[in-house]
Amino acid sequence: MEFLHCENSEKYVSLHDCIAEKVYFQDGVLGFEFEDGFWILPGHQESNNAEPVRTDCSKAEFALDKTYSDDFVVYIFKKYPFGITLRKELSLEKFIEMVNRKENGFVFFYQYTDDWQRIIEGVFRSEKKPYFLECELKMNTSKVNYYWNNIIPY
């Protein structure tokens, strides 16, 4: 799919509360596809709104510093009785499989960045118990591109 717009900074784009229904890893690029889009923040040249606005179908692509999956780590947090929470590492392949299941998706919450690394907090969602599974992504990347076509008017 071709996109009209591309942004490579988080200054005017937010993935907060956005659901990625599909994930892929190809040629060192980790891509997330959003059927319901993501947020364009006030001040972006394509928006004249004073409030955040949603895009239509969109995607975000993170270029990992190497083409190896070692540059990407996923942790899920499973809660057990008596207040015990265990952290488990998932492979990139397992992460992609879990997100791409029809009943699942990955909901982005917070994204922390520096010059070479990104930490993303979110949850897997599911129609079965547990309905949400906390997750943390860590990736070595210095480049991200956010693609979309249109802003959805209120």
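**Entry 1: a surface patch**

Which residues form a nonpolar patch on the surface? I began with this question and looked for the patch in the model, which is a predicted one. I found that the patch is formed by Y80, F82, I84 and L86. Together these residues have about 480 Å² of accessible area.

I then took I84 from this group and asked in which strand I84 is found. I located I84 in strand β10, which covers residues 84-90. I noted a relative accessibility of 41% for I84, so this residue counts as partly exposed.

**Entry 2: confidence of the prediction**

Since the model is predicted, I looked up the confidence values next. The chain has a mean pLDDT of 89, and 96% of its residues reach 70 or more. Which element has the lowest mean pLDDT, and which the highest? I recorded strand β9 (residues 72-80) as the lowest among the elements of the chain, with a mean of 89. I recorded strand β3 (residues 19-20) as the highest, with a mean of 96.

**Entry 3: aromatic pairs**

How many aromatic pairs does the count come to? I noted 14 aromatic pairs. I examined F3 and Y147, whose ring centres are 6.0 Å apart and whose planes stand at 35°, so the pair is tilted. An angle under 30 degrees would have counted as stacked, and one over 60 as edge-to-face. I also looked up where the two partners lie: F3 is in the segment before β1 (5-7), and Y147 is in strand β13 (residues 132-148). The pair therefore links distant parts of the chain, 144 residues apart.

Are F3 and Y147 buried or exposed? For F3 I read a relative accessibility of 19%, and F3 counts as buried. For Y147 I likewise read 19%, and Y147 counts as buried. I kept in mind that buried means under 20%.

I turned to F32 and F95, which form an edge-to-face aromatic pair. Their centres lie 6.2 Å apart, with 70° between the planes. F32 belongs to strand β5 (residues 29-34) and F95 to helix α1 (residues 92-100), so this pair ties together parts that are 63 residues apart in sequence. I found F32 buried, with a relative accessible area of 0%. I found F95 buried as well, with a relative accessible area of 0%.

I then asked which residues form one aromatic cluster. I listed F32, F34, F38, F62, F72, F95, F106, F108, F124, Y146 and W148. Both F32 and F95 are thus among the cluster's members.

**Entry 4: charges over rings**

Which residue lies over the face of W39? I identified R54, at 4.7 Å from the ring centre. I noted a second case at Y75, where R87 lies over the face of the ring, at 3.9 Å from its centre.

**Entry 5: salt bridges**

How many salt bridges does the count come to? I recorded six. In one of them the side chains of E10 and R118 meet, at 2.6 Å from N to O. E10 is in the loop between β1 and β2 (13-14), and R118 is in strand β12 (residues 117-125). The pair links distant parts of the chain, 108 residues apart. I checked the exposure of each partner: E10 has 26% relative accessibility and counts as partly exposed, whereas R118 is buried at 5%.

I next looked at R101 and E97, whose side chains meet in a salt bridge of 3.4 Å, N to O. R101 counts as partly exposed at 32% relative accessibility, and E97 counts as partly exposed at 41%. I asked which residues are linked in a network of salt bridges. I found K94, E97 and R101 linked in this way.

I also recorded the salt bridge of E136 with K138, in which the closest N and O atoms are 4.0 Å apart. E136 counts as buried, at 15% relative accessibility. K138 is partly exposed, with a relative accessible area of 26%.

**Entry 6: L4**

Where does L4 lie? I placed L4 in the segment before β1. Its relative accessible area is 63%, so L4 is exposed, the cut-off for this being over 50%. I finally compared the positions of L4 and C135, which stand 131 residues apart along the chain. I noted a separation of 31 Å between their C-alpha atoms.

Technical notes
Residues are numbered from 1 along each chain as its sequence is written. This is a predicted model: local features need pLDDT of at least 70, side-chain atom pairs count only at pLDDT 80 or more; totals for chains, interfaces and linings use all residues. Side-chain values use heavy atoms; hydrogens and water are left out. Patches are made of residues with over 30% relative accessible area and no salt bridge: like charges are joined within 9 Å, nonpolar side chains (Val, Leu, Ile, Met, Phe, Trp, Tyr) within 5 Å. Accessible areas come from the Shrake-Rupley method with a 1.4 Å probe; for residues, only the protein chains shown count as cover. Helices (H or I, at least four residues) and strands (E, at least two) are DSSP runs, numbered from the N terminus. Buried means under 20% relative accessible area, exposed over 50%, partly exposed in between (1.4 Å probe, protein chains only). Rings of Phe, Tyr and Trp (its six-membered ring) pair if their centres lie within 6.5 Å; planes under 30 degrees apart count as stacked, over 60 as edge-to-face and the rest as tilted. A charge sits over a ring if NZ of Lys or CZ of Arg is within 6 Å of the ring centre and within 35 degrees of the ring normal. pLDDT is the predictor's confidence in each residue, from 0 to 100.
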